[in-house]
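Grab the sequence and the 3D view, and let's work through a few exercises together. Try each task yourself before you read the solution.

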Amino acid sequence: MTSILVTGSSGFVGQHLITRLTQEGYDVTEVSRTQIDLAKYNPQEKALSTGKDIIIHLASFVNI
């Protein structure tokens with residue numbers, strides 16, 4: 001089974017992507033701004049250390 005790390009999982013696109021990936025049977029790990037400060041987080045390093053196959057980076061700063 002392919003394992004995927006998704007940053008920005010609390011956003012609109014992230015939520016829908018995770019729903020779809022889960023329906024398709026992928027092992028999905030979610031990372032959102034409420035879980036970790038992404039400015040101090042290296043998703044590539046985390047993925048490698050946890051053995052994830054794919055990283056989908058959707059996190060961004062929003063200035064409203």
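**Exercise 1. Find out how confident the predictor is, overall and element by element.**

Step 1: The mean pLDDT (the predictor's confidence in each residue, from 0 to 100) is 83 for the protein, and 78% of its residues reach 70 or more. This is a predicted model, so local features need pLDDT of at least 70 and side-chain atom pairs count only at pLDDT 80 or more, while totals for chains, interfaces and linings use all residues. Residues are numbered from 1 along each chain as its sequence is written, and side-chain values use heavy atoms, with hydrogens and water left out.

Step 2: Now go by element. Helix 1 has the highest mean pLDDT, at 96, and helix 2 has the lowest, at 64.

**Exercise 2. Work out the order of the elements along the chain.**

Step 1: Helices (H or I, at least four residues) and strands (E, at least two) are DSSP runs, numbered from the N terminus. Here you get two helices and three strands.

Step 2: Start at the N terminus and read along: the pattern is β-α-β-α-β.

Step 3: Check the contacts, meaning heavy atoms within 4.5 Å. Of those with a separation of 6 or more, 60% are between residues 24 or more positions apart.

**Exercise 3. Pick V28 and list what it touches beyond its sequence neighbours.**

Step 1: Locate V28 in strand 2, which covers residues 27-31.

Step 2: Skip the neighbours within four places in sequence. That leaves V28 in contact with I4, V6, I18, L21 and T22.

Step 3: Try a distance too. V28 and I55 are 27 residues apart along the chain, and their C-alpha atoms are separated by 9.9 Å.

**Exercise 4. Is K52 buried or exposed, and which side chains does it pair with?**

Step 1: Look in the loop between helix 2 (43-50) and strand 3 (54-57); that's where K52 is.

Step 2: Use the cut-offs: buried means under 20% relative accessible area, exposed over 50%, partly exposed in between (1.4 Å probe, protein chains only). K52 counts as buried because its relative accessible area is 17%.

Step 3: Look for a salt bridge (a side-chain nitrogen of Lys or Arg within 4 Å of a carboxyl oxygen of Asp or Glu). K52 makes one with D27, at 3.8 Å from N to O. This pair links distant parts of the chain, since D27 is in strand 2 and the two residues are 25 apart. D27 has a relative accessible area of 35%, so D27 is partly exposed.

Step 4: K52 and T29 also share a side-chain polar contact of 2.7 Å. (That's a pair of N or O atoms within 3.5 Å; within protein, one must be able to donate a hydrogen and the other to accept it, and residues adjacent in sequence count only if both atoms are side-chain atoms.)

**Exercise 5. How many salt bridges are there, and what forms the one with E24?**

Step 1: The count is two.

Step 2: E24 pairs with R20, at 3.1 Å from N to O. E24 is partly exposed, because its relative accessible area is 48%.

**Exercise 6. Decide whether F61 is buried or exposed.**

Step 1: Go to the segment after strand 3, where F61 is found.

Step 2: Its relative accessible area is 77%, so F61 is exposed.

Step 3: For a distance, F61 and G8 are 53 residues apart in sequence and 9.9 Å apart, C-alpha to C-alpha.
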